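Hi everyone, thanks for coming. I'd like to walk you through a structure that may be new to you, so let's bring it up on the screen.

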Amino acid sequence: MSYILSIDQGTTSSRAIVFDATMAPVAVDQQEFTQFFPASGQVEHDPEEIWNSVVSTIRGALEKAGVTAGQIAGIGITNQRETTVVWDRDTGAALGGRAIVWQDRRTAPLCAKLREDGAEDQVAETTGLLLDPYFSATKLAWILDAHPGSRDRAARGELLFGTIDSYLIWRLTGGTRHVTDATNAARTALYDIGAGAWSRELCALFDVPVEMLPEVRDCADDFGVTDLLGAPVKILGVAGDQQAATLGQACFEPGMLKATYGTGCFALLNTGQTKVRSANRLLTTIAYQLDGQVTYALEGSIFVAGAVVQWLRDAMQIIESAGQSGPLAEQADASQGVTMVPAFTGLGAPYWAPECRGAVFGLTRGAGRPELARAALESVAFQTRDLWEAMQADGAGATEAVLRVDGGMVASDWTMQRLSDVLGAPVDRPVMTETTALGAAWLAGMRAGIYPDAAGFAETWALERRFTPQSDTQTRAVDYDRWNRAVKAALAF
């Protein structure tokens, strides 16, 4: 039993990766699934399709690796956070047939009403989060409102709520375990991150029956056993995707900072045992919980990062593949100053403007495909600097002023160099960029006793390339001022 299976259930695809005893990936299988956009600002997934994609990729990865269930020491799960599912305890069918995705903004009016009623301080103090459609609580309330009688059923234990990790564990264990981990619980706006328990006061505020919430456990713990693979295999590790990436980047010390560039971008700064309350609209969250000990983080959330590259490819048809975006941007005339604010589903931190929509500024007759590609990739760098500046202003900046990066976008040298130029700081790309899946695998492998502890794991982190700033301070200031003016204009529209 020297292998670990990592399930990485993301926003646009599901992946399964088999890791060996040295924490090296042996085989990977990936499958995209449907994105539903029923109305402007609304995003949904079919939980059944997600489940089928997970089953398919697990089987595919094991087959490619030539590994049987009897050789798997444990399973680690990492998942898109905040995405909300309500399902029937007996049948497993999702209420309404769909999950509401973290990007969805339909509950903005409810958030605004609660904010007007003075509830945001209570939410922030208890959960570290803000009142925003991003988080699960208002999504859950919306689902219950849309199905009369569902609250009574939930109070009787007939309906269950979970983020995707809970839903997958329920299915993997044949409906025997309704559990989650502390990192996913911390993203619901229903969990008291100080007390380490569901908040009955917030459940009352959002009118959510506490009976439908899952049991909360450590990130490395016993989450149940699955017989799906042909023999019993334990589920031993769970963490939300951004927290799993924090672990995979070995950011175990206070002051260490990572940013993951997937569909969105999420920067987490380890603050140790201290819950730093942001004065700049960042989130206080749980980085991980091991052996009952919570480590906190400051988080900045960008809703559109890699999604802007998908937009270039699918909607605008400027590129045929994501890999073409960097080379195309490199051809751009930088003096054009084209600036894109990719607020396709609103702006995240530090603006938290769910009604804002995307815009492009500075277009001239000379602007074309390269300039749009450059503006799209630059927008990710500028949004990262927004988070960087907010963390510095909170007095919780990275101790080494170095950003560790991972995710699909970091493969682009041009994008990472531009990120370093915009930040005015080094950007470190590790040898192992599958950090999210690795983090989940490490949790399971550590629990199974085949992987090292945190200190030993940190020693395995290896640098592939460091990008250092090549632009001068004045150029950096002019570029960032251009970005700030564009954001103000988009917000005013």
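Let's start with one residue, Thr84: its relative accessible area is 0%, so Thr84 counts as buried, the cut-off being under 20%. Please keep in mind that this is a predicted model.

Where does Thr84 sit? You'll find Thr84 in the loop that runs between strand 5 (72-79) and strand 6. Its side chain has a polar atom 2.9 Å from the backbone oxygen of Glu82.

And what does Thr84 touch further along the chain? If we set aside neighbours within four places in sequence, Thr84 is in contact with Ala99, Ile100, Ser136, Lys139, Leu140, Ile143, Phe161 and Gly162.

Some of those names come back when we turn to helix 4, residues 136-146. Here 8 of the 11 residues are buried, which leaves helix 4 mostly covered. The buried ones include Ser136, Lys139, Leu140 and Ile143, and Thr84 is in contact with each of these four. Ala137, Thr138, Ala141 and Leu144 are buried in helix 4 too.

Which elements do the covering? Among them are strand 6 (85-88), strand 7 (99-100), helix 2 (108-116), helix 5 (150-155), strand 8 (159-162) and helix 8 (200-206).

Finally, a look at some open space. The second largest pocket holds about 170 Å³. Its lining includes Thr22, Met23 and Gly248, along with Phe457, Thr460 and Trp461. How do the lining residues divide? There are 9 nonpolar and 3 polar residues, with no charged ones.

That's the tour, and thanks for listening!

Conventions. Residues numbered from 1 in each chain as written. Predicted model: local features only at pLDDT ≥ 70, side-chain atom pairs only at ≥ 80, totals over all residues. Heavy atoms only, no water. Buried < 20%, exposed > 50% of the residue type's maximum accessible area, 1.4 Å probe, protein only. Helix = DSSP H or I, 4+ residues; strand = E, 2+ residues; numbered from the N terminus. Contact = heavy atoms within 4.5 Å. 1 Å grid on protein atoms, 1.4 Å probe; cavity = no way out; pocket = protein on both sides within 12 Å on 5 of 7 lines; lining within 4 Å. Points joined across faces, edges and corners; volume = space filled by probe spheres on them. Nonpolar A, V, L, I, M, F, W, Y, C, P; charged D, E, K, R; others polar. Polar contact = N/O pair within 3.5 Å; in protein donor to acceptor, adjacent residues only side chain to side chain.
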